Amino acid sequence: MAKRTRATATTSTLARVNQTAIIEALRESGALSRQQLGLKTGLSPATINRLTAALIEDGLVVAAGQEPSTGGRPSVLLRYAGSSRLVAAIQLRAETVTGILVDFDGKIVFRRSVPLGARQAGDPAGADTESPERAADQDRQLRKVFRLFDDLIATADSMGTPCLAVGIAVPGVVQQPDGVVGTMPEFGWTGVPFGTLLRQRTTLPVVVENDANALAFGELHTGAGRGLSSLVALFLENGLGAGIVANGELHRGARAEAGEIGYLLMERSSLERSYDARGDLEDRIGSLALTQRARERGIPLPDGGSLTAEDVFELARDGNADAQELADEILDMVAIAVAALVIVLDPELVVVGSSFVGSSDTVIPGIQERLRGRIIRVPRIEPATHREDAVLLGAAELAAAEVNGFAYLAF
């Protein structure tokens, strides 16, 4: 994946930045005249005319009628031709892989989910990754992912709107540019070269990204973070991660490990042991830990046998006292993690996704109450705009950016 950097003052980069501004204005506001685009973007009439002509020639912008006449020559309205262009997005979760086709207006036009049959919550990660059984299991799961990948591309072709790029969101550290995914305890996978394997199946651009990073990117460009230059997206599902945006760009760190907050050390006793596939915080509020604690306390488990924070919050909402106690413990740990992120990064916004979204009306106030009077400033916290599809649409946005060569400037 091409690295997105701040735009330099070259003519081609400036043109790309300005085209991006035009497209974003049309995506946000709908059909606009060239004069309205100038007011929205601050670009000169000559620049608007030149760049919209190029966008029309490329099929990215089309005429959409005329403004009502006020006595003079009516202005032609332009709109972004997003519905005629598709990208695919795939999200790997603990037990399911989901794929969508989404147009450049953000509308999902096709969806398919496939059960993966990942390892059970009681199966310790890494214990048998070298066994023939685990190797065969990994191969079976990968074939399901590849089949969905191929089906999405074929479905787009059958719809008459060929897929232009694919974004993949995974629950693990992703090394760029090859898209090698580090340890994924949910599956018992380590070092899977997703990018290379998928690019062998297509000539389309393929973006492989960590799921929390995909969430952050999507919220920055089409969600709660629009217009901001910094945010943190907190993603809690089977594990816990954070996507970090600084100066308008994803911050991955020197080894793509920025935001792996499952490894935060929570107290002095954390120094008395070592951590491998999971860190101290994840060992407290990750799915495996919650499932074990639920069994010890007699909290009912879902049919799949694995409990997530979302399940705990739902049981607490239904009046289960033991689940409420566990939910409070989760919020205590999450609040400590948010405090660390906010103090170090000072983001404009914290977005919470996945397990938090369904209970955001109680979870967000709970986090803020725990932080009040304990850090310099309690952050603005909001649920992910696209709710359960936030990671998928973030992956789609990453893929769309590859197609259009968008150049996003820090504000």
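**Close-up 1. A nonpolar patch on the surface of the predicted model.** I343, V344, L345 and I376 make this patch. Its area is about 430 Å². I376 sits in the loop between α11 (360-371) and β16 (381-383). With a relative accessible area of 76%, I376 is exposed, because the cut-off for exposed is over 50%.

**Close-up 2. The aromatic pair W189 and F194.** A search of the whole structure finds one aromatic pair. W189 and F194 form this pair, and its geometry is tilted. The ring centres lie 6.0 Å apart. The planes meet at 40°. W189 is buried, at 0% relative accessibility. F194 is buried too, with a relative accessible area of 0%.

**Close-up 3. Strand β4, enclosed by the rest of the structure.** β4 covers residues 86-92. Seven of its seven residues are buried, so the strand is largely enclosed. In a regular strand, side chains alternate between the two faces of the sheet. Here L86, A88, I90 and L92 point one way from β4. V87, A89 and Q91 point the other way. Residues of both sets are buried.

**Close-up 4. The strand partners of β4, namely β5 and β7.** β5 (residues 96-103) runs antiparallel to β4, and seven bridges join the two. They form a hairpin with three residues between them. Within this pairing, I90 has G99 of β5 as its bridge partner. β7 (residues 163-170) runs parallel to β4. Five bridges join β4 and β7. Q91 of β4 stands opposite A169 in β7.

Note on methods. Residues are numbered from 1 along each chain as its sequence is written. This is a predicted model: local features need pLDDT of at least 70, side-chain atom pairs count only at pLDDT 80 or more; totals for chains, interfaces and linings use all residues. Side-chain values use heavy atoms; hydrogens and water are left out. Patches are made of residues with over 30% relative accessible area and no salt bridge: like charges are joined within 9 Å, nonpolar side chains (Val, Leu, Ile, Met, Phe, Trp, Tyr) within 5 Å. Accessible areas come from the Shrake-Rupley method with a 1.4 Å probe; for residues, only the protein chains shown count as cover. A salt bridge is a side-chain nitrogen of Lys or Arg within 4 Å of a carboxyl oxygen of Asp or Glu. Helices (H or I, at least four residues) and strands (E, at least two) are DSSP runs, numbered from the N terminus. Buried means under 20% relative accessible area, exposed over 50%, partly exposed in between (1.4 Å probe, protein chains only). Rings of Phe, Tyr and Trp (its six-membered ring) pair if their centres lie within 6.5 Å; planes under 30 degrees apart count as stacked, over 60 as edge-to-face and the rest as tilted. Two strands pair if DSSP finds at least two bridges between them.
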